[in-house]
Structure formats: C-alpha cells, structure tokens
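Colleague: I am new to this model and would be grateful for a close look at a single part of it. Please begin with the pairing of strands and then place that part within the chain.

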Amino acid sequence: MSGVWVFKNGVVRLVENPGDCHGSTGRRKVLVHLSSNEVITSYAALERKLYSLGWERYYDDPDLLQYHKRSTVHLISLPKDFNRFKSMHMYDIVVKNRNEFEVRDM
C-alpha cells in the first residue's frame, strides 16, 4: 500500500499513487472472501458477506455506502460507485473483519 496520508476536515485518509487499485507491483488488487474463496466483484456480493458477519447498512450519507457493526465502533465507508472501490477500501474491510477477507494481487 503506497501513497500519501491526507488530513482534511478532521479525517485522515490515504490518497494512493496513480493507478489507485494497483500496488507497487503494478498488479490490480482484489478483495477475496476467504471461507468461500470468492473474489468480490460487486457491492451486492460484498453486502451479502458483510450482512452475514453482522454488519448493518447506514443510510446517512447519500454519497457513500456505510456499514456499522453494533458490537464495535467500526464504520466501513465506501464510494457509491464500485469503479471507485480502491485498495485502501479493501484494506479497511480486511482490518475490520480479521480472518474473513484478504486483499490479493490479480
């Protein structure tokens, strides 16, 4: 994961180098659900997996897809457009769902 950390409006986020979903190897990154070995190719597929893990959808921000798990303070925020789903979003999901997802080079 490479890029620059940016602090704006009280939020720190990673702005990745050009080729957002590519790592230093230049390969495309994919999010994989480990127990089914399924590559997540849409938000519908991701939402099914998150719901099964106890995540609930928030509808507060019209520009984002947001999920919260009642038993934690975690919030997953994703861009509405799946084409803007980058590796930083994938790693956020992995960190908040240990042993459930993995980011792999395609």
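Modeller: In this predicted model, Arg 57 of strand S5 stands opposite Tyr 67 in S6. Strand S5 covers residues 55–58, and strand S6 covers residues 64–69. The two strands run antiparallel and are joined by four bridges. Together S5 and S6 make a hairpin, with five residues between them.

The side chains of S5 deserve attention in their own right. In a regular strand, side chains alternate between the two faces of the sheet. Strand S5 shows such an alternation: Trp 55 and Arg 57 are directed to one face and are buried, whereas Glu 56 and Tyr 58 are directed to the other and are not buried. Arg 57, the residue opposite Tyr 67, is thus on the face of S5 whose side chains are buried.

Helix H1, residues 43–52, contains Lys 49. The relative accessible area of Lys 49 is 16%; because the limit for a buried residue is under 20%, Lys 49 counts as buried. Its side chain forms a polar contact of 3.1 Å with the side chain of Glu 38. If neighbours within four places in sequence are set aside, Lys 49 is in contact with His 33, Ser 36, Glu 38, Ile 40 and Phe 101.

Helix H2, residues 87–96, contains Met 88. With a relative accessibility of 23%, Met 88 counts as partly exposed. Residues up to four places away in sequence not being counted, Met 88 touches Arg 13, Leu 14 and Glu 16. For Met 88 and Glu 16, the C-alpha atoms are separated by 7.8 Å, although these residues are 72 residues apart along the chain.

Phe 7 belongs to strand S1, residues 3–8. Its relative accessibility is 61%, and because exposed means over 50%, Phe 7 counts as exposed. Together with Trp 5 and Val 12, Phe 7 makes a nonpolar surface patch of about 390 Å².

The hairpin may now be set within the whole chain. The secondary structure comprises two helices and eight strands, in the order β-β-β-β-α-β-β-β-α-β from the N terminus on. Of the 106 residues in the protein chain, 34% count as buried. Among contacts between residues at least 6 apart in sequence, 39% join residues at least 24 apart. The protein chain exposes about 6800 Å², of which carbon and sulfur atoms supply 50%.

Conventions: Residues are numbered from 1 along each chain as its sequence is written. This is a predicted model: local features need pLDDT of at least 70, side-chain atom pairs count only at pLDDT 80 or more; totals for chains, interfaces and linings use all residues. Side-chain values use heavy atoms; hydrogens and water are left out. Patches are made of residues with over 30% relative accessible area and no salt bridge: like charges are joined within 9 Å, nonpolar side chains (Val, Leu, Ile, Met, Phe, Trp, Tyr) within 5 Å. Accessible areas come from the Shrake-Rupley method with a 1.4 Å probe; for residues, only the protein chains shown count as cover. A salt bridge is a side-chain nitrogen of Lys or Arg within 4 Å of a carboxyl oxygen of Asp or Glu. Buried means under 20% relative accessible area, exposed over 50%, partly exposed in between (1.4 Å probe, protein chains only). A polar contact is a pair of N or O atoms within 3.5 Å; within protein, one must be able to donate a hydrogen and the other to accept it, and residues adjacent in sequence count only if both atoms are side-chain atoms. Contact means heavy atoms within 4.5 Å. Two strands pair if DSSP finds at least two bridges between them.
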